[in-house]
Amino acid sequence: MTNEQCAQVFDRIADLMEIKGEIIYKTLAYRKAAENIRSLAGSLKAIHQQGKLMEIPGVGKAIAEKIEELITTEKLVFLEQLETEVPVGLIDLLQVPDVGPRKAALFWKQAGVTSLSELEEAVKSGQIRGLVGMGEKSEQRIIVGIEALKRRGHRLNLDTAQGIANRWLKWIRSQPGVERAEAAGSLRRWKTTIGDIDIVAAVKDSGAVMAALAAHPDVQRVLGSGENKSSVELPGGINMQVWTQPPERFGTLLQFVTGSKDHNVALRELAQKKGLSLSERCITTTDGKELLFADEELVYQALGLDWVPPELREDHGEIKVAASHVLPVLIQLSDLRAEVHTHSNWSDGINTIEEMARGAMARGLMTYAISDHSGGLGIAGGLKPEGLKERQKEIEVVQKLLGGAITLLGGSEVEIKADGSLDYDDETLAWLDIVVASLHTSLRQPREVITARLVNAIRNPHVDIIGHASGRLLPNREGADLDWDIVLQEAKDSGVAFEINASPSRLDLDETHVRQSVEMGIPIFINTDAHAVDQLDNAVYGVSVARRAWLKPEQVLSTWEPEKLITWLRTPKSERRLL
DNA sequence: GCCGTTTTCGGCCCGACTGTTTTCAGTCG
């Protein structure tokens, strides 16, 4: 029972309870618990063993007991009972836009609907019309909603979503009367994957903008349109919301749409305690006076808080820290000084060593390692040990050419083979300046097997960094089923480092494991895994993961100057220290 | 079901938009 599986159980409970008609605050409690379990650094199993389940925010006696039952028996009687009371197929109905728990219950109790396909049938045969509050338009919305659900693609990777949002921002900023426009929502918080695209705009007369949006040739259909908010579907089943307020209210709007929901709820509760009411329009005082904010910083200030970087807005303690004025100064792209996981045309990269090194220099880096694939990974044209020696000659030539402005290292991304052995012998590994060890194949091995395989690489005295540890591919491929309690403890004991692989389709380690690693004293790098010069720009996505993990620059070894980093690399692995 | 610099009981964010309604309920973010 992983944390994610446990969180899914509680989300399922919340869905079923809502349809059943339980009081909303119970279901909210289960959802809150699920959310907090998802973002836990440690495994529930380990937390349970330490007897600390109730220290998880949102977990009280009742939910702690259910977690314990799930961990020890792999099932939950409470859920099984619930599933006999409410047809589980109704959960799918909640995915249909404009269908929530009340309508799902209505369709179930009044029309005998127990699944999505039965709902579609019921609507088409006219069974839904005539139910309380259901008219012709409701009927149409359900049909359109089910079709949209079928069209709807998976979540978007960050770079894709940014590209789409930037094109729309350019368009919206060019509209008459638009003074400011920004991407908000999960995109502004740099979440790993993006569901909907949210755009906020400061505009005096929003009617014209909303009309122009509805008429835009790339808008497939308008899902809803009002004075302050429009929702449209873009090609590929992507949904976009556009929110507007007059310029003097832009600060509260940007704050609200940036979210997260949990952060906003916590912020509004804090406002309440201060006798204020916070909305996307303004802050209202007890005597009904509206305070307007053109800038977001001033909204936080008005609540007695420091401005919270969007990456931290998940209700993970940031509000309390902002109130105490001790928010961390988070790492930024410009802090990076080293890149140690990249590929040249000596393996499957596009560019030469010189081109890559110049690209690194142009981005302000001072240490740069080429770490081409090892020989065993056939598809990547990996290097045999002899090839490494040849490549080293070229590295030395380029080093001479570029002088002292950048320090070049000869490295490898060595394959961890299916049997757990490494693709080079120890002599070759010892000869390299830096070794990144990665899993690429047989990622579906059973937990014990793949964990042992990774542990073997972690323990090798010549392996400096574990590359993209989980092997996940965003947005859809899950990572390997690793026992993270073991992996992290072994990493700590061995002195190996982890990377945040900055490729937007990896972002691996994820933020929760990054945070736990740093708390345990495991070194962290941010690496692009670039196979071409322009991919060095992906570093910004790696930085976003570090920021969401609350990391300061000094906690990431990629910010270290060459001398310090190379001294660290030359120190025997077991003796390495972080300072 | 959780939680407490007003509370261990009585609260639990707030507004926009829609449809079916003559004042509101449901959904969404």
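Me: What makes β8 and β9 paired strands?
Reply: In this predicted model, three bridges join β8 to β9 (residues 283–285). Pairing requires at least two bridges, so the two strands count as paired. They run antiparallel, and Ile283 in β9 is the bridge partner of Leu278.

Me: Why are β8 and β10 said to stand at the edges?
Reply: The open sheet has three strands in the order β8-β9-β10, with antiparallel pairing. β8 and β10 (290–291) each have a single partner strand, so one side of each is left without a neighbour in the sheet.

Me: Why is the approach of Lys26 to DNA strand B called a polar contact?
Reply: A polar side-chain atom of Lys26 lies 3.2 Å from a phosphate oxygen of the strand. The cut-off for a pair of N or O atoms is within 3.5 Å, so this pair qualifies.

Me: How do you know that Ser138 and Gln272 make such contacts with DNA strand B?
Reply: A side-chain N or O atom of Ser138 is 3.0 Å from a phosphate oxygen, and for Gln272 the corresponding value is 3.2 Å. Both pairs are within 3.5 Å, so both are polar contacts.

Me: Which element gives the most to the surface near DNA strand B?
Reply: That element is α14, with five residues. Among the other elements that give two or more residues are α2 (24–38), α9 (136–151) and β8 (276–278).

Me: Which residues come nearest to DNA strand B?
Reply: Of the 47 residues around the strand, these are Gly60, Gly100, Gly135, Asn228 and Arg268. Sugar and phosphate account for 72% of the strand's atoms within 4 Å of the protein.

Methods. Residues numbered from 1 in each chain as written. Chains lettered and ligands numbered in written order. Predicted model: local features only at pLDDT ≥ 70, side-chain atom pairs only at ≥ 80, totals over all residues. Heavy atoms only, no water. Near = heavy atom within 4 Å. Polar contact = N/O pair within 3.5 Å; in protein donor to acceptor, adjacent residues only side chain to side chain. Helix = DSSP H or I, 4+ residues; strand = E, 2+ residues; numbered from the N terminus.
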